[in-house]
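This report describes one protein structure in short sections. The sequence and the structure are shown first.

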Amino acid sequence: MSTSPNRFSHITAFPNALGTGMIISSSQPIDDGLHGTMATAIESFEAAFSRFRDDSLVGRIAHARHGGDFVFPDPQTAESLFTLYDQLFAASGGAIDPTVGEELTRLGYDARLVFRMDREPEYQPDHDHPAAGTAVSTANRNADHAEGDRSTWDSITHTNGTISTTRPVRLDFGAAGKGMMVDLLGRMIERELPDAEYVVDAGGDLRVRADSPIRVALEDPDDPSRAVGVAEIGSGAFCASAPSRRHWRVRFAEGAVNEVHHLLDARDGRPASEVKATWVHVPTKSTGSSDEQHPTALADGLATALFVTDPAILADRFTNAAGTLRFQCALMQADRTVAASSNFPADFFTA
């Protein structure tokens, strides 16, 4: 991110938030009271939605033998997140599905897996932990669907921030949950510091309120030290997604070692392979008013959906009441060709 050196001179950090850390750069200082309120909100969000904590509400859902009714704190925010997943599930034909947490856990993407930038870690299945480390084949996944033995998002009911299940379900809200937390922090700043410009950065997922655009480098998915382009972002959300920072090797029981990553197609449980990286911009007004109540959650979810869904389908499904497209996007294919919507606010470098 590149800005005027004095424009966002006040920095606030939450190093361990949501597994990636969060940094807030603002034109006005965030005092201890607001910082404490933000820290409490982050902890409450993780206590509800973290798949990596057995003591979270999502953890309880995963271990509830007969299911039940699970009431999320801040029901309005929770229901907004669940409704967004309804839309993503429908638009993607089931490819974006929070119940993919089961496949992610079996592939080893749990609290025990540590990701490093310098090398790919290797995960060996823990046979004493039957819920994790077991490869999920397309055949098994399809059989589960056919027999009705596996929950999918459309089989789970929710209303007013309460999820109802009939069996244990491993939910993963990673596709849009981090963006939702970013939106909550942005709204806190706007309430307490109504004239402040700011950038909330959660591992590259950004919410911005700025009087003039900021410049954002677009990371090369094959080399995080390089950029493939530069975007100029005004007020709104800008999210990127790529498997380059969350990939690992799985050694299967028969001895084969396969590379996997966290961006799965929930319909077959396999890592998406046709797209290398995606970027999504959801604009808002600099005053903070917008048709989008949760622009970063939307951008975050769409950045994941683009790995498994035709952009034209998403464009058709995500328009506002006036028929205007709610987002702009770009994606890099496996062969490194880039496609972008006509108003995507970035220039890509050419060889």
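## Strand β11

Strand β11 is largely enclosed by the rest of the structure, because five of its six residues are buried. This is a predicted model.

On one side, β11 (residues 236–241) is joined to β8 (residues 205–209) by three bridges, and the two strands run antiparallel. Arg207 has Ala237 in β11 as its bridge partner, and Val208 is partnered with Gly236 in β11. Strand β11 also pairs with β16, in the antiparallel sense and over six bridges. In that pairing, Ser241 stands opposite Thr278 of β16.

## The eight-stranded sheet

Strand β11 belongs to an open sheet of eight strands. The order is β1-β2-β7-β8-β11-β16-β17-β18, and the pairing is antiparallel. The edges are formed by β1 (10–14) and β18 (338–340); each has a single partner strand, so one side of each is left without a neighbour in the sheet. From one strand to the next, the twist averages 10°.

In a regular strand, side chains alternate between the two faces of the sheet.

## Strand β7 and its partners

Strand β7 is mostly covered, with four of its five residues buried. Its pairing with β2 is antiparallel and uses four bridges. There, Ile23 stands opposite Asp201 in β7.

Five bridges join β7 to β8, and these strands also run antiparallel. Val199 stands opposite Val208 in β8. Val208 therefore appears in two pairings, since its bridge partner in β11 is Gly236. What lies between β7 and β8? The two strands form a hairpin with two residues between them. Gly203, in the turn, has a positive phi of about 60°.

## Helices on the sheet

Two helices that pack on the sheet are described here. Both are placed by the strands they touch.

Helix α7 (residues 295–305) packs on the sheet and touches β8, β11 and β16 (275–283). The direction of α7 makes about 25° with that of β11.

Helix α6 (residues 177–192) packs on the sheet as well, touching β2 (22–26), β7 (198–202) and β8. The direction of α6 makes about 155° with that of β7. Of the 16 residues of α6, 13 are buried, so this helix is largely enclosed by the rest of the structure. Its length can be checked against an expected value: at 1.5 Å a residue, the 16 residues of α6 should span 22 Å. The end C-alpha atoms of α6 are 23 Å apart, which agrees.

## The second largest pocket

How much space lies in the second largest pocket? The volume is about 350 Å³. The lining consists of 17 residues, and the closest to the centre of the pocket are Asp74, Thr77, Leu184, Arg187 and Met188. The elements that give two or more residues to this lining are α1 (32–49), α3 (75–91) and α6. Helix α6 thus has a part in the pocket lining and also packs on the sheet.

## Two residues with positive phi

Asp74, one of the residues closest to the centre of the second largest pocket, has a phi near 55°, a positive value in a residue other than glycine. Asp74 is found in the loop between β3 (68–71) and α3. Is Asp74 buried, exposed or partly exposed? Its relative accessible area is 42%, and it counts as partly exposed because that value falls between the cut-offs of 20% for buried and 50% for exposed.

Arg336 also has a positive phi in a residue other than glycine, here near 75°. Arg336 is placed in the loop between β17 (328–333) and β18. The relative accessibility of Arg336 is 36%, so this residue counts as partly exposed.

## The protein as a whole

The secondary structure comes to eight helices and 19 strands. The protein has 351 residues, and 50% of them count as buried. Among contacts with a separation of 6 or more, 65% are between residues 24 or more positions apart.

Definitions and conventions. Residues are numbered from 1 along each chain as its sequence is written. This is a predicted model: local features need pLDDT of at least 70, side-chain atom pairs count only at pLDDT 80 or more; totals for chains, interfaces and linings use all residues. Side-chain values use heavy atoms; hydrogens and water are left out. Two strands pair if DSSP finds at least two bridges between them. Axes are lines fitted to C-alpha atoms, for helices over the stretch in contact, and angles run from 0 to 180 degrees between N-to-C directions. Contact means heavy atoms within 4.5 Å. The expected span of a helix is 1.5 Å times one less than its number of residues. Buried means under 20% relative accessible area, exposed over 50%, partly exposed in between (1.4 Å probe, protein chains only). On a 1 Å grid over the protein atoms alone, a cavity is a set of points where a 1.4 Å probe fits but cannot get out, and a pocket is an open set with protein on both sides within 12 Å along at least five of seven lines; lining residues have an atom within 4 Å of a point. Grid points are joined across faces, edges and corners, and a volume is the space filled by probe spheres set on the points.
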